[in-house]
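Here's a quick briefing for anyone meeting this structure for the first time. Have a look at the sequence and the 3D view, then read on.

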Amino acid sequence: MPLKSYGVLAGRAVERRREGSTDTPHYQLHLTDDAGVSYRVAVNVLSQQAPSELLYHADEDFRHPLTALLPRTAGGWTALASAPGGAALDFVRGNLFDPAAMRALPPDAPGVDNDLADKFDHYVERAVADPAAIVYAFGERWGPEPRTRDKVFGFLPGNGVHDIHMNQGNSRRFRGDDGVWQDGGLLLSFPGESRWVAIFLAFQSQSWHTDDVTGHALDEVPSRPGPGEEPVRIVAALVNPAGPGPGGETVTLLNASPAPVDLAGWRLADRRGNAFPLPAGALAPGAVLAVPVGEPFALDDGGGTITLLDAAGLRVHGVSYTSAQGRREGWTLTF
């Protein structure tokens with residue numbers, strides 16, 4: 001079954017603890033909310049299943065419409081619905097980042113800036129030093145435990161968030177944790193810089209092709225391209241056409257592969273899952289296709305996502321844009 005209590009914790013960073021690389025180590029983060037309540041964020045840095053090194057990606061200038069849905073205060077825990085259109089994370093469907101950008105890193109290793117703990121320190125220490133910074137931890141809640149002190153930082157009651165990683169496409173051993181729109185992650189807001197930093201983790205044993213209902217792996221589907229190998233990509237979109245009235249929006253596709261791609265049965269999906277069918281026919285190698293789109297599919301001027309699905313309903317490629325980008329009338333956004 002999916003995670004029992006999914007949501008996001010908003011707090012201020014107080015301290016952190018590195019646990020090395022033995023046993024089942026975590027990167028431990030102590031947050032407090034505006035009411036003075038303490039929480040521990042336990043971030044996996046080593047997999048129990050080979051390959052043991054986690055996949056890591058950090059975006060130092062994260063721009064995505066979900067940031068507009070998050071509280072601007074350290075308000076503590078907020079439960080989130082595991083559904084599109086809100087602030088829930090989904091690595092496969094949310095177009096948060098390019099999975100091809102992820103890199104495997106050890107939990108802790110001699111040297112500088114060469115392991116997960118070093119990478120986390122780089123951002124977390126900035127947040128500890130900045131009283132205006134807010135850390136958002138997406139995952140599963142535990143506690144509060146009124147009679148149990150936190151085992152790492154000692155505060156009472158014990159309280160925190162874990163599963164700060166991809167939570168779908170698991171191997172059979174962890175299949176029970178699968179679900180859609182329930183992935184973990186860390187977002188750090190630095191208001192003084194008008195900047196968001198996003199950190200995403202995944203296990204190498206997890207699949208990037210998952211069922212839209214259960215989140216279970218679909219690796220039995222043959223000939224699926226891996227991250228970064230998508231034959232057809234979304235390269236541009238006209239979100240806010242010049243002039244009054246609706247209509248005129250387009251999404252532009254590029255076939256980057258050396259072979260024609262039959263688009264019969266393919267479709268585009270917006271942030272809320274509304275679909276728009278692509279015209280049937282082959283897209284030639286290197287060819288570009290501008291697709292006029294319409295209801296129920298919508299390119300929201302206030303920010304959104306665009307996802308390209310193949311005839312089997314599996315994600316081929318996806319992009320996102322912010323409200324600042326979407327409100328530029330007449331401009332074609334490029335991705």
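L253 has L289 in strand 17 as its bridge partner. Strand 12 (residues 250-255) and strand 17 pair in the antiparallel sense over 5 bridges; helices (H or I, at least four residues) and strands (E, at least two) are DSSP runs, numbered from the N terminus, and two strands pair if DSSP finds at least two bridges between them. Keep in mind that this is a predicted model, where local features need pLDDT of at least 70 and side-chain atom pairs count only at pLDDT 80 or more, while totals for chains, interfaces and linings use all residues. Residues are numbered from 1 along each chain as its sequence is written, and side-chain values use heavy atoms, leaving out hydrogens and water.

**The open sheet**
- Strands 12 and 17 belong to an open sheet of 4 strands, in the order 17-12-11-20, with antiparallel pairing.
- Strand 17 (288-292) and strand 20 (332-334) sit at the edges with a single partner strand each, so one side of each has no neighbour in the sheet.
- From one strand to the next, the twist averages 30°.

**Strand 3 and its partners**
- Strand 2 and strand 3 run antiparallel, joined by 7 bridges, and Y27 has V43 in strand 3 as its bridge partner.
- These two strands make a hairpin with 5 residues between them, and G36 in the turn has a positive phi of about 85°.
- Strand 3 also pairs with strand 8 (residues 158-162), this time in the parallel sense over 2 bridges, and V41 stands opposite V161 in strand 8.
- In strand 3, 7 of its 7 residues are buried (under 20% relative accessible area, with a 1.4 Å probe and protein chains only; exposed is over 50%, partly exposed in between).

**The nonpolar cores**
- The largest nonpolar core (buried Ala, Val, Leu, Ile, Met, Phe, Trp, Tyr and Cys residues joined through side-chain atoms within 4.5 Å) has 32 residues, and V41, F120, L186, L188 and I199 touch the most other members.
- Helix 1 gives the most to this core, with 6 residues.
- I199 touches, among others, Y56, F120 and L188, not counting residues up to four places away in sequence (contact means heavy atoms within 4.5 Å).

**Confidence**
- The chain's mean pLDDT (the predictor's confidence in each residue, from 0 to 100) is 93, and 96% of its residues reach 70 or more.
- Among the elements, helix 2 (residues 323-326) has the lowest mean pLDDT (92), and strand 9 (residues 185-190) has the highest (98).

Terms used: Axes fitted to C-alpha atoms, helices over the stretch in contact; angles between N-to-C directions.
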